[in-house]
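Load the model in your viewer and get a selection tool ready. This tour goes from one empty space to another, with a helix pair in between.

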Amino acid sequence: MQTMKNTQTKPLILKCFFFSLFLSVPIFLLSSSRSLERQTSDAPPGNQRAGDLRIRPGYNSYEAYIERQLNKTLNPKLRRIWTTRDWDRKINVFAQFFEDLKQRQLLMNESKALCIGARVGQEVEALRRVGVADSVGIDLVPYPPLVLEGDFHNQPFENETFDFEFSNVFDHALYPDKFVGEIERTLRSGGVCVLHVALSRRSDKYSANDLYSVKPLTKMFGRSELLHLRTVDGFGLDTEVVFRKK
């Protein structure tokens with residue numbers, strides 16, 4: 001009699017086990033899938049160096065990265081300096097860069113221009129002063145009427161909108177490939193992109209990457225050709241790189 005009870009109990013236990021396993025597998029797969037989605041969509045790339053481009057560590061989420069960038073952009077002392085003491089000085093330096101580009105036929109008065117990571121818009125004002133009237137900037141914090149709100153990892157513009165794009169904040173990109181991809185997406189065929197980058201020195205504490213040569217840039221700008229490379233003195237940035245979209 002006891003043996004019969006044992007034989008009846010074992011199938012019941014096995015049934016319960018397999019039923020429990022059947023329920024737990026989908027839950028596990030769903031949990032793993034969501035974890036993978038978080039890793040690929042939200043998590044920053046971490047401390048990576050692919051050739052001559054290194055992503056700085058320290059960001060456990062994209063939100064943490066944005067918060068750190070806003071700490072600089074919204075700093076009252078810095079914004080006061082940018083709009084007073086530095087205002088005309090930076091506009092004059094940017095104007096010289098843009099005049100030189102005009103002389104080399106890389107920028108026209110008729111160009112529709114975008115400045116990426118423009119803060120309070122000195123470079124936009126410089127473009128307008130040298131005759132490029134249809135110019136605007138984007139930054140995480142807007143500064144009307146010169147700068148619109150926008151994330152350079154996901155520009156708020158349609159495809160092929162601009163003839164000219166300028167930026168001196170490549171080092172602030174957490175995802176450099178997305179930064180470049182958005183430039184090539186919004187730049188018209190034949191349009192020009194000018195970047196000021198730091199190669200011989202490391203950028204400021206808010207930078208998200210370090211660039212050691214132009215090789216990573218030429219690789220990321222897969223839909224463009226490298227036109228020009230020269231040394232400049234641009235507020236701590238030492239190299240000007242010019243691409244034209246094919």
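Which element gives the most to the lining of the largest cavity? Select α2, residues 62–73. With five residues, α2 gives the most to that lining. Keep in mind that this is a predicted model.

**Stop 1: the largest cavity.** Add β4 (135–139), which like α2 supplies at least two lining residues. Now pick G117, R119, D139, L140 and F152, which lie nearest the centre of the cavity among its 16 lining residues. The space here is about 150 Å³. By class, the lining has seven nonpolar, six polar and three charged residues. A search of the whole structure finds two cavities of 30 Å³ or more.

**Stop 2: α4 against α5.** Select 87–103 for α4 and 122–129 for α5. Their axes come within 8 Å and cross at roughly 55°, which makes α4 oblique to α5. The crossing is right-handed. Show side chains next: in α4, W87, D88, K90, I91, F94, A95 and F98 meet Q122, E123, E125, A126, L127 and R129 in α5. This contact has seven nonpolar, one polar and five charged residues.

**Stop 3: the largest pocket.** Keep α4 and α5 selected and add α3 (76–83); each of these helices supplies at least two residues of the pocket lining. The pocket holds about 570 Å³ of space. Centre the view on K72, K90, H172, D204 and F235, the closest to the pocket centre of the 26 lining residues. K90 is also one of the α4 residues that meet α5. Colour the lining by class to see nine nonpolar, six polar and 11 charged residues.

Definitions and conventions:
Residues are numbered from 1 along each chain as its sequence is written. This is a predicted model: local features need pLDDT of at least 70, side-chain atom pairs count only at pLDDT 80 or more; totals for chains, interfaces and linings use all residues. Side-chain values use heavy atoms; hydrogens and water are left out. On a 1 Å grid over the protein atoms alone, a cavity is a set of points where a 1.4 Å probe fits but cannot get out, and a pocket is an open set with protein on both sides within 12 Å along at least five of seven lines; lining residues have an atom within 4 Å of a point. Grid points are joined across faces, edges and corners, and a volume is the space filled by probe spheres set on the points. Helices (H or I, at least four residues) and strands (E, at least two) are DSSP runs, numbered from the N terminus. Ala, Val, Leu, Ile, Met, Phe, Trp, Tyr, Cys and Pro count as nonpolar, Asp, Glu, Lys and Arg as charged, and the others, Gly among them, as polar. Axes are lines fitted to C-alpha atoms, for helices over the stretch in contact, and angles run from 0 to 180 degrees between N-to-C directions. Angles under 35 degrees count as roughly parallel, over 145 as roughly antiparallel, 65 to 115 as roughly perpendicular and the rest as oblique. A crossing is left-handed if the near helix is turned anticlockwise from the far one by less than a right angle, and right-handed if clockwise. Contact means heavy atoms within 4.5 Å.
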